[in-house]
Amino acid sequence: MNLSDQITPTRFRTLMAGFPSGVAILTVVDTASGRPWGMTCSAVCAVSLSPPTLLVCVRVGSPTLDTMLREGTFAVNLLHDGARSAAELFASGAPHRFERVRWEHAADRGGPHLVEEAHTVADCAVSGRQVVGSHTVVFGEVYGMRQHRAPRPLLYGLRRYASWPREAEPPGGGAP
C-alpha cells in the first residue's frame, strides 16, 4: 500500500486550497498552423536565478502542453487583479478563447502576450520536463520579460479569486 492511498483527490484539493497562489495564463503558438494555445495555471514557481528559470505544471494530454513541448517555447502571462474573466475563460476550455482577448505575438516571444490581462509576461524556452502522475512539470528558462503595468496580482485560494490587499503594497503602488 502506498502511503498516499489514504489521500483522496478531494482531500488533496482541500489541502492545496488553503495555499493561495498567483494566477497565470500559459500561451504558445503552433508555428505550423499559426494557432495560439493557452490555459490558466496557478502552478508556477521560480526555480533558479541563474539561469532564470520557472516551472509550470500542466496536465498530461493538454494540447497546450503538447504544443509547448513541440515548439520549445511558451509565455507565462502573470494576471492582474482585474483579469478574473480571462482566468475563467482560459480555464474553461472554450475553443475560441483567443478571439475574446487582446493578444500580441512576435517571432522572438515564447507565446502570445495577453496585453490587457497580464501585468507582466515572461518568455521562456523549455529547458526540461518531468512527468509526475497526471501532470508534466515543465522547466522554462526565462529569456525575455515585459511589464505591462504595476503588479497587482490576481490570486486564487480557498476556491475563489481575490486581489492583493492594498495595505500589503510597497509605497508607490508596487511600481518598480
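This passage describes helices, cores, aromatic pairs and some backbone features of a predicted model.

Helix H2 spans residues 63–71, and its buried residues are Thr64, Leu65, Thr67 and Met68. These four residues cover an arc of only 165° around the axis, which means that they lie on the same side of H2. The elements that cover the buried residues of H2 include strand E2 (24–30), strand E3 (35–41), strand E5 (52–59), strand E6 (73–79), strand E7 (118–132) and strand E8 (135–147). Both ends of the helix show a local feature that can be found in the model. At the start of H2, the backbone nitrogen of Thr64 has a side-chain oxygen of Ser62 within 3.1 Å, while just after H2 the residue Gly72 adopts a positive phi of about 80°.

Met68 of H2 also belongs to the largest nonpolar core, which has 17 residues, and it is listed there with Leu26, Val56, Val58, Phe74, Val76 and Cys124 as the members that touch the most other members. At least two residues of this core come from each of E2, E3, E5, H2, E6, E7 and E8. The surroundings of one of these members, Phe74, can be followed in detail: when neighbours within four places in sequence are left aside, Phe74 is in contact with Thr27, Val56, Met68, Gly110, Gly111, Ala122, Asp123, Cys124, Val126, Val138 and Gly140. A second core, separate from this one, comprises 14 residues, among them Ala87, Leu89, Phe98 and Leu154.

Two of those residues, Ala87 and Leu89, are found in helix H3 (residues 84–92), where the buried residues are Ala86, Ala87, Leu89 and Phe90. As they cover an arc of only 165° around the axis, the buried residues are placed on the same side of H3, and they pack against E2, E3, E6, E9 and E10. The exposed residues Ser85 and Ala91 are carried by the face of H3 that is turned away from its buried side. Just after H3, Gly93 has a positive phi of about 80°.

The aromatic residues were considered next. A pair of aromatic rings is described by the distance of the centres and the angle of the planes. In the whole structure, 3 aromatic pairs are found. In one of them, the ring centres of Phe90 and Phe98 are 5.1 Å apart and the ring planes stand at 90°, so this pair is edge-to-face. Phe98 also forms an edge-to-face pair with Trp103, with 5.5 Å from centre to centre and 75° between the planes. Through such ring pairs, Phe90, Phe98 and Trp103 are linked into a cluster. Within this cluster, Phe90 and Phe98 are buried, and the relative accessible area of Phe98 is 10%, whereas Trp103 counts as partly exposed because its relative accessibility is 31%. Another aromatic residue, Trp37, has Arg35 lying over the face of its ring, at 3.7 Å from the ring centre.

The surroundings of Thr120, a residue of strand E7, give a further example of contacts between parts of the chain that are separated in sequence. Thr120 has a relative accessible area of 9% and is therefore buried, the cut-off being under 20%. Although Thr120 and Arg146 are 26 residues apart in sequence, their C-alpha atoms are 5.7 Å apart in space. Not counting residues up to four places away in sequence, Thr120 touches Val76, Asn77, Leu78, Met145, Arg146, Gln147 and His148. In addition, the side chains of Thr120 and His119 make a polar contact of 2.9 Å.

Finally, the backbone was examined for less common conformations. Most residues other than glycine have a negative phi, and most peptide bonds are trans. By contrast, the peptide bond from Ser50 to Pro51 is cis, with omega near 0°, and Pro51 is located in the loop between strand E4 (44–49) and E5. Leu158, which is not a glycine, has a positive phi of about 50° and is placed in the loop between strand E9 (154–157) and strand E10 (160–163). With a relative accessibility of 54%, Leu158 counts as exposed. Arg159, also a residue other than glycine, has a positive phi near 65°, and its place is likewise in the loop between E9 and E10.

Definitions and conventions:
Residues numbered from 1 in each chain as written. Predicted model: local features only at pLDDT ≥ 70, side-chain atom pairs only at ≥ 80, totals over all residues. Heavy atoms only, no water. Buried < 20%, exposed > 50% of the residue type's maximum accessible area, 1.4 Å probe, protein only. Arc of directions from axis to C-beta. Contact = heavy atoms within 4.5 Å. Polar contact = N/O pair within 3.5 Å; in protein donor to acceptor, adjacent residues only side chain to side chain. Core = buried A, V, L, I, M, F, W, Y, C linked by side-chain atoms within 4.5 Å. Phe/Tyr/Trp six-rings, centres within 6.5 Å; stacked < 30°, edge-to-face > 60°. Lys NZ or Arg CZ within 6 Å of the ring centre and 35° of its normal.
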